[in-house]
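The exercises below are meant for a reader who is meeting this structure for the first time. Please work through each task before turning to the solution that follows.

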Amino acid sequence: MRPDAGAAEGDDVIRMLERDHEDINRLLGMFDGQAPDIAAELFWILADDLIRHEVAEEVVVYPHLWDGSHPVARAALAQQLAIENQLSRLEGMPTSGPEFRRELEGLRSAVSDHIEGEERDLFPKVCRTVSQDRRRELGRRYAEVKETAPHHQYPGTTGNTIVGRASALSDWIRDSARKDLWQAS
């Protein structure tokens with residue numbers, strides 16, 4: 001994500017999520033025509049950004065809007081799980097093969113559908129039902145969870161090795177953030 005994508009003073013969570021969506025779409029568009037070694041690095045960056053975004057959203061945003069049984073929250077969480085599964089499948093594929101490109105197209109479609117759904121269904125509802133002060137508070141916490149996760153050095157090889165580590169990292173981030181939220185309650 002951009003270095004300035006953290007929570008600026010007064011940034012609300014909706015603006016932050018919209019910026020993340022723009023960055024993720026930009027990254028997805030950068031794969032076209034790239035050599036396999038560049039595609040491998042782009043995949044690492046994309047996987048890292050997507051997982052950080054999804055974890056922060058899941059830990060900070062969704063629990064403060066609805067309980068887990070709300071249909072919009074359930075659908076968004078199901079989409080996020082499907083995206084993580086696609087990232088895992090992509091991880092094991094050489095970026096030079098046609099199977100990687102086909103699976104990447106599936107990921108693009110899933111991410112696009114997820115973003116469209118959030119921006120159509122979630123964001124307007126949040127703007128109507130959550131105060132601006134609360135959105136700023138959620139924005140600060142969202143940035144905190146997303147940015148305090150440890151960063152890994154980008155691999156310089158053509159193999160995709162991020163998602164296995166990222167999945168473990170996402171579990172650690174979720175557990176740590178939930179523990180912090182529980183203690184702060």
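**Exercise 1. Which side chain meets that of Asp12 in a salt bridge? Describe the surroundings of the pair.**

Step 1. In this predicted model, the side chain of Asp12 meets that of Arg135 in a salt bridge, with 3.3 Å from N to O.

Step 2. Placing the two residues along the chain shows that the pair links distant parts of it, since Asp12 lies in the segment before α1 (13-29) while Arg135 belongs to helix α5 (residues 132-148), 123 residues apart.

Step 3. As for accessibility, Asp12 is buried, and Arg135 is buried as well.

**Exercise 2. How far does helix α4 reach, and where does α4 bend?**

Step 1. Helix α4 covers residues 98-129, which makes 32 residues.

Step 2. From its first C-alpha to its last, α4 reaches 45 Å, which is close to the 46 Å expected at 1.5 Å a residue.

Step 3. The helix nevertheless has a bend of about 35°, located at Glu119.

**Exercise 3. Is Arg120 buried or exposed, and with which residue does Arg120 form a salt bridge?**

Step 1. The partner of Arg120 is Asp121, and the closest N and O atoms of this salt bridge are 3.0 Å apart.

Step 2. Arg120 counts as exposed because its relative accessibility is 51%, the cut-off being over 50%.

Step 3. Asp121, at 36% relative accessibility, counts as partly exposed.

**Exercise 4. By how much of the helix are Glu144 and Arg141 separated, and how accessible is each of them?**

Step 1. Glu144 and Arg141 form a salt bridge in which the closest N and O atoms are 2.5 Å apart.

Step 2. Because they stand three residues apart in helix α5, about one helical turn separates Glu144 from Arg141.

Step 3. Glu144 has a relative accessible area of 41% and is partly exposed, whereas Arg141, with 16%, is buried.

Step 4. Elsewhere, Asp11, Arg15 and Arg19 are joined into one network by salt bridges that share partners.

**Exercise 5. What does the protein look like as a whole, in its helices, contacts and surface?**

Step 1. The protein contains six helices and zero strands, so that its pattern along the sequence reads α-α-α-α-α-α.

Step 2. Of its 185 residues, 45% count as buried, and the protein exposes about 9,100 Å², of which carbon and sulfur atoms supply 52%.

Step 3. Among the contacts between residues at least 6 apart in sequence, 75% join residues at least 24 apart.

Step 4. The count of salt bridges comes to 14.

How values were computed. Residues numbered from 1 in each chain as written. Predicted model: local features only at pLDDT ≥ 70, side-chain atom pairs only at ≥ 80, totals over all residues. Heavy atoms only, no water. Helix = DSSP H or I, 4+ residues; strand = E, 2+ residues; numbered from the N terminus. Expected span 1.5 Å × (residues − 1). Bend = angle between axes of the 7 residues up to and from the residue. Buried < 20%, exposed > 50% of the residue type's maximum accessible area, 1.4 Å probe, protein only. Contact = heavy atoms within 4.5 Å. Areas by Shrake-Rupley, 256 points an atom, 1.4 Å probe, with all protein chains shown as cover. Salt bridge = Lys/Arg side-chain N within 4 Å of Asp/Glu carboxyl O.
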